[in-house]
Amino acid sequence: MDIVNVAELIKMTKEEKKNVVLIGIDALRADFLGCYGYEKETSPNIDNLLKKGVIFENAFSCSNATDPSFTTIFSGKYPISHGIRNHGAKVTNSMLQNFYKREIRYLSEILRDNGYKTFGIDWLDRWHKKGFDYYLEDYMVKKQLIKILSKIVNRFPDILSKKARKAYDTFSSGPIIITATKLTDKSLELINNCDKPFFLFIHYWDTHTPYNAPKRIYENFKPEKDGQELEKLIGNIRDERSKNSLLRSVSAEKGTTAEEVIARYVSSIKYVDQEIGRLVKHFKKQGIYEDTIFVITSDHGESLIEHGIFFDHHGLYDESIHIPLIFNNLPVEGKRIRGFVQHVDIVPTLLDILKIPFKESEFDGVSLVPLIRGEVNSLRSFIVAEESLYENKIAIRTNKWKYIYSPSKEDATCRFCGVIHGGIEELYHLESDPKEMRNIIEERPEIAEILRKSLFSWLSNLKRKEEKRLISQKISKLKMNRRI
């Protein structure tokens, strides 16, 4: 084959395969975006993507913590199926070994096997690196340093002075912020040198505490009046270490108000939105925008002061699990879909759009293409979400009701706040109480019982499905070994 034909073949391949950009905006709750009804101008660039795309108004995460959520986003499986049900240091080696034994394919692996160059602009590391040709490691140094220092601090707790201990706590608390500007810069650098269809995953972290945004943006959202002083507001947090950690994370100085912190959260959304705008503008300038599918979502939401949960995402209330989900560059314009969808649906939907074959049994989620085409109005009648980091709870949510179950008082007690948020079991009538403020489980026990049975039946079916998949996987391996 001569050089001209090779060039034509590369061009044809690029035309046949759409690029994919998956943007995960950490701790971004849906109701703070303009396209989801927020009154302030936080997201003009994200909103603009709807001109040629679809928005899912009732999209929900399957967990309220980062590690299990992103594992679900990339695997198309619920945390109960993939096994990563906790976050950070709480993800044990045995949990990880179990995850790898299940041989769950990531979206990045599937796309790489189908001729894509895969870029992960993220620093969560560990199993999240699966399937990426390039994974951001420029900012791993602080993570490793914290690990080393923590061993020293824990081994010699009485030797360190109060000043040294305070310096360590300050250094190690909160996330390691890599600004949206730097992540966008790195993304543009990588795609500029890419000569084949690519999958780009960008994990923007600025919307997570301590809510990072340039001062010029914050000034546009700064509250005009005095508000609730943060130190007094969080006084009910019983765990002193949690309380001090929260103050260090979100309070720049004495007298900081909750309204100022919320304004920083709003500002961080605007900042990330501007960087997404810069990314899209570059794609248009390079002539690759039309050949690219953009997906915008978040791993979970954020409770600002609701339910006595301050600037974190524990609790299974809508502010922590109702997330944005937008697909851009599809043959629809500004379509709004009200049917329930979840993170588990992202992978099968993308594969369906890209015409990459897959077995439906491989995923817990389903393709949303029938919803996008208008062939159906709904694909599920309820969603399920769970948490294990600070509380052990699981929720089932319909259009009308939400039921939250915890097996015991100990499981229901928040390990961060030291209190039980809502109750050991909770029931909310969402039509009359959309903010989930009034637990009516004692008033409507018959509704709670119906939802509890539906939840446990769903869990049993999901467990059986995963067991069946694992057995089928083992049988396929045995057959393959016999052939060899």
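Start by selecting Asp125: in this predicted model, Asp125 is buried, with a relative accessible area of 18%. That value earns the word because buried means under 20% relative accessible area. You will find Asp125 in the loop between E4 and E5. Check its backbone too: phi is positive, about 65°, although Asp125 is not a glycine.

**Step into the sheet**

From that loop, move to strand E4, residues 117–121. Four of its five residues are buried, so E4 is largely enclosed by the rest of the structure. Which strands pair with E4? One is E6 (residues 198–204), in the parallel sense and over five bridges. Select Gly120 and look across to Phe201, its bridge partner in E6. Another is E5 (residues 134–135), which runs parallel to E4 and is joined to it by two bridges. Here, select Phe119 and find Tyr134 opposite, in E5.

A little background may help as you look. Strands of a sheet pair through backbone hydrogen bonds, either parallel or antiparallel.

Now show the whole sheet. It is open, has eight strands with mixed pairing, and follows the order E5-E4-E6-E1-E7-E8-E2-E9. Which strands stand at the edges? They are E5 and E9 (335–337); each has a single partner strand, so one side of each is left without a neighbour in the sheet. At the E9 end, three bridges join E9 to E2 (residues 53–56), and the two run parallel. Pick Phe56 to see one of these pairings, with Ile337 as its bridge partner in E9.

Next, add helix H13, residues 258–285, which packs on the sheet. H13 touches E1 (19–25), E6 and E7 (292–297), and its direction makes about 170° with that of E1.

**Two neighbours in a loop**

Go to the loop between helix H5 (93–101) and helix H6 (107–113), and select Arg102. Is Arg102 buried or exposed? It is buried, with a relative accessible area of 14%. Leaving aside neighbours within four places in sequence, Arg102 is in contact with several residues, including Ile80, His82, Glu466 and Leu470. Leu470 is worth a distance label: C-alpha to C-alpha, it is 6.9 Å from Arg102 in space, yet the two are 368 residues apart in sequence.

Glu103 lies in that loop between H5 and H6 as well. Glu103 is partly exposed, with a relative accessible area of 37%, and has a positive phi of about 50° although it is not a glycine.

**A proline and some cysteines**

Select Thr209 and Pro210, which are joined by a cis peptide bond with omega about 15°. Pro210 sits in the loop between E6 and helix H10 (215–221).

Then turn to Cys414, which is buried at a relative accessible area of 1%. Its closest cysteine sulfur is in Cys417, 3.9 Å away, too far for a bond. The count of disulfides in the model is zero. Cys35 is another buried cysteine, at 5% relative accessibility.

**Last stops**

Helix H15, residues 346–353, is mostly covered, with six of its eight residues buried. Among them are Ile346, Val347 and Leu350. Just after H15, look at Lys355, which takes a positive phi of about 60°.

Finally, colour the chain by pLDDT. The mean is 89, and 86% of residues reach 70 or more. Over residues 1–15, however, pLDDT is below 50, and this stretch has seven contacts in the model beyond near neighbours in sequence.

Methods:
Residues are numbered from 1 along each chain as its sequence is written. This is a predicted model: local features need pLDDT of at least 70, side-chain atom pairs count only at pLDDT 80 or more; totals for chains, interfaces and linings use all residues. Side-chain values use heavy atoms; hydrogens and water are left out. Buried means under 20% relative accessible area, exposed over 50%, partly exposed in between (1.4 Å probe, protein chains only). Two strands pair if DSSP finds at least two bridges between them. Contact means heavy atoms within 4.5 Å. Axes are lines fitted to C-alpha atoms, for helices over the stretch in contact, and angles run from 0 to 180 degrees between N-to-C directions. pLDDT is the predictor's confidence in each residue, from 0 to 100. A disulfide is a pair of cysteine sulfur atoms within 2.5 Å.
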